[in-house]
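Biologist: Please take a close look at one part of this model, the aromatic side chains and what surrounds them. I would like one connected account rather than a list.

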Amino acid sequence: MSDKIESVITPTAEAFQAGYEKLQASFGDAFVHSKANVEALTASAKIAAEGMKQASEISVAYFQSSAALATETAKSLGGVKSLQEAVEIQADYAKSAMSTYFAEFTKISDVMLGAMKESVKPISERTSAAWSSIQSAR
């Protein structure tokens, strides 16, 4: 009788132990994946923040140079001797201001687009890793 009980208990205990070890491994894997996901989000946020910082620096420099150009133009307009001269100064200012604006807008757009592309990479890599992990678990 003892042999029969042991023949039932031993495989059951071994199956329970194997299941418990597999469950522990799953929790360990989940922790590793969660930690890697947080690290990926942190890296992504750092990249995005750096892009915003660069765009802000470009914007500040543009506004400073734009203000300096406007001040210079105003001084020039203060010393005009004819309406024709005032119109030419104003036209030159408008051309310069517009071309500078579009050039700076392009710089900022390029920086932001680059930052966006780079900030998605860590998250994309984690998504690929998670998908691979799911596929290998099947």
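Modeller: Tyr-101 and Phe-105 are four residues apart in helix α2 (residues 83-137), so about one helical turn separates them. The model is a predicted one. The rings of Tyr-101 and Phe-105 form a stacked aromatic pair, with 6.1 Å from centre to centre and 25° between the planes. Tyr-101 has a relative accessible area of 36%, so it counts as partly exposed. Phe-105 is also partly exposed, at 48%.

By the rule for ring centres, the count of aromatic pairs comes to four. Another of these pairs is Tyr-62 with Phe-63, where the centres are 5.4 Å apart and the planes stand at 55°, so the pair is tilted. The reasoning rests on the angle: planes under 30 degrees apart count as stacked, those over 60 as edge-to-face, and the rest as tilted. Tyr-62 and Phe-63 fall into separate exposure classes: Tyr-62 is buried at 14% relative accessibility, whereas Phe-63 is exposed at 56%. The cut-offs behind those words are under 20% for buried and over 50% for exposed.

The two pairs belong to one aromatic cluster, made of Tyr-62, Phe-63, Tyr-101, Phe-102 and Phe-105. Part of that cluster also appears in a nonpolar patch on the surface: Met-98, Tyr-101, Phe-102 and Phe-105 together have about 420 Å² of accessible area. For the whole protein, the accessible surface comes to about 10500 Å², and 65% of it belongs to carbon and sulfur atoms.

Charged side chains in helix α2 come next. Side chains of opposite charge can pair when their charged atoms come close. The structure holds two salt bridges. One of them joins Lys-107 to Glu-104, with the closest N and O atoms 3.2 Å apart. Lys-107 and Glu-104 are both in helix α2, three residues apart, which is about one turn of the helix. Within this bridge, Lys-107 is partly exposed, with a relative accessible area of 43%, while Glu-104 is buried at 13%.

The other salt bridge is between the side chains of Lys-121 and Glu-118, at 3.0 Å from N to O. Lys-121 and Glu-118 lie three residues apart in helix α2, so they too are separated by about one helical turn. Here both partners are partly exposed: Lys-121 has a relative accessible area of 43%, and Glu-118 has 36%.

Arg-126 is also found in helix α2. This residue is buried yet has no salt bridge, and the nearest side chain of opposite charge, that of Glu-39, is 7.4 Å away. A salt bridge calls for a side-chain nitrogen of Lys or Arg within 4 Å of a carboxyl oxygen of Asp or Glu, so Arg-126 and Glu-39 do not qualify. Leaving aside residues up to four places away in sequence, Arg-126 touches His-33, Ala-36, Asn-37 and Ala-40.

A contact list is also available for a residue of helix α1. Ser-44 lies in that helix, which spans residues 2-78. With the same sequence neighbours left out, Ser-44 touches Ser-119, Val-120, Pro-122 and Ile-123. Its relative accessibility is 9%, so Ser-44 counts as buried. Glu-72 is another residue of helix α1, and it is exposed, with a relative accessible area of 52%. The C-alpha atoms of Glu-72 and Tyr-93 are 9.5 Å apart, while 21 residues separate the two along the chain.

Now for the protein as a whole. Its secondary structure comes to two helices and zero strands. Buried residues make up 12% of its 138 residues. Among contacts between residues at least 6 apart in sequence, 81% join residues at least 24 apart.

Note on methods. Residues are numbered from 1 along each chain as its sequence is written. This is a predicted model: local features need pLDDT of at least 70, side-chain atom pairs count only at pLDDT 80 or more; totals for chains, interfaces and linings use all residues. Side-chain values use heavy atoms; hydrogens and water are left out. Buried means under 20% relative accessible area, exposed over 50%, partly exposed in between (1.4 Å probe, protein chains only). Contact means heavy atoms within 4.5 Å. Rings of Phe, Tyr and Trp (its six-membered ring) pair if their centres lie within 6.5 Å; planes under 30 degrees apart count as stacked, over 60 as edge-to-face and the rest as tilted. Lys and Arg count as positive and Asp and Glu as negative; His and the chain ends are not counted. Patches are made of residues with over 30% relative accessible area and no salt bridge: like charges are joined within 9 Å, nonpolar side chains (Val, Leu, Ile, Met, Phe, Trp, Tyr) within 5 Å. Accessible areas come from the Shrake-Rupley method with a 1.4 Å probe; for residues, only the protein chains shown count as cover.
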